[in-house]
Amino acid sequence: MPISSRFAVGIHILTLIEMTKEEGVTSSEFIAASVNTNPAVIRKIMGMLKKAGLIEVHPGIAGAKLAKNLSDITLFDIYKAVDVVQENELFSMHESPLPDCPVGKNIQNTIEPLFTAAQLAMEKVLKNVTIEDVVRDIDRKEQIQ
């Protein structure tokens, strides 16, 4: 099962909020149109981002703004905010392998440290990329077109 799309949508939301802040059009309906999803989905994810201290939103008032500087919001912050996976559980282990089989008896202890190392490596990458980096890359791509 892939990582929840909430992560990509969370990045989309924060990037869109930043890139449209001058126009002030960051309602859940506007963001939903950009993401191509239902505004209720956007409101749910925005609630998670607010709880994590990444955005400021006020009930009954359309619009949102970033609660931190662009350079202070990492992709890891978003990953954690939207509950993509639990601690060290990116990769699931299969339940109850056959204990009488040499593979079944040892497979979990063999691959679990590899899975943990892979998750930690991915999280390290996410900690080194900020929303500022994402905005800069999108700006660069827009200038090329």
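**A chat about helix H3 and the core**

Guide: In this predicted model, Gly 53 comes just after H3 and takes a positive phi of about 80°.

Visitor: OK, and how many residues does H3 itself have, and how far does it reach?

Guide: H3 has 13 residues, and from its first C-alpha to its last it reaches 18 Å, which is close to the 18 Å expected at 1.5 Å a residue.

Visitor: What caps its N-terminal end?

Guide: That is Asn 38, which places a side-chain oxygen 2.7 Å from the backbone nitrogen of Ala 40.

Visitor: Which residues of H3 are buried?

Guide: The buried ones are Ile 42, Ile 45, Met 46, Met 48 and Leu 49, and they lie on the same side of H3 because they cover an arc of only 155° around the axis.

Visitor: And what does the face turned away from them carry?

Guide: The face of H3 turned away from its buried side carries the exposed residues Lys 44 and Lys 51, whereas the cover over the buried residues includes H1, H2, S1, S2 and H4.

Visitor: Switching topic, how many residues are in the largest nonpolar core?

Guide: The largest nonpolar core has 33 residues, and Leu 49 of H3 is one of those with the most contacts inside it, as are Phe 7 and Ile 78. Among the elements that give two or more residues to this core are helix H3 (39-51) and helix H6 (131-144), while H1 gives the most, with seven residues.

Visitor: What does Ile 78 touch?

Guide: Leaving aside residues up to four places away in sequence, Ile 78 touches Phe 7, Gly 10, Ile 11, Leu 14, Leu 49, Leu 54, Ile 73 and Ile 131.

Methods: Residues numbered from 1 in each chain as written. Predicted model: local features only at pLDDT ≥ 70, side-chain atom pairs only at ≥ 80, totals over all residues. Heavy atoms only, no water. Core = buried A, V, L, I, M, F, W, Y, C linked by side-chain atoms within 4.5 Å. Buried < 20%, exposed > 50% of the residue type's maximum accessible area, 1.4 Å probe, protein only. Helix = DSSP H or I, 4+ residues; strand = E, 2+ residues; numbered from the N terminus. Contact = heavy atoms within 4.5 Å. Expected span 1.5 Å × (residues − 1). Arc of directions from axis to C-beta. Polar contact = N/O pair within 3.5 Å; in protein donor to acceptor, adjacent residues only side chain to side chain.
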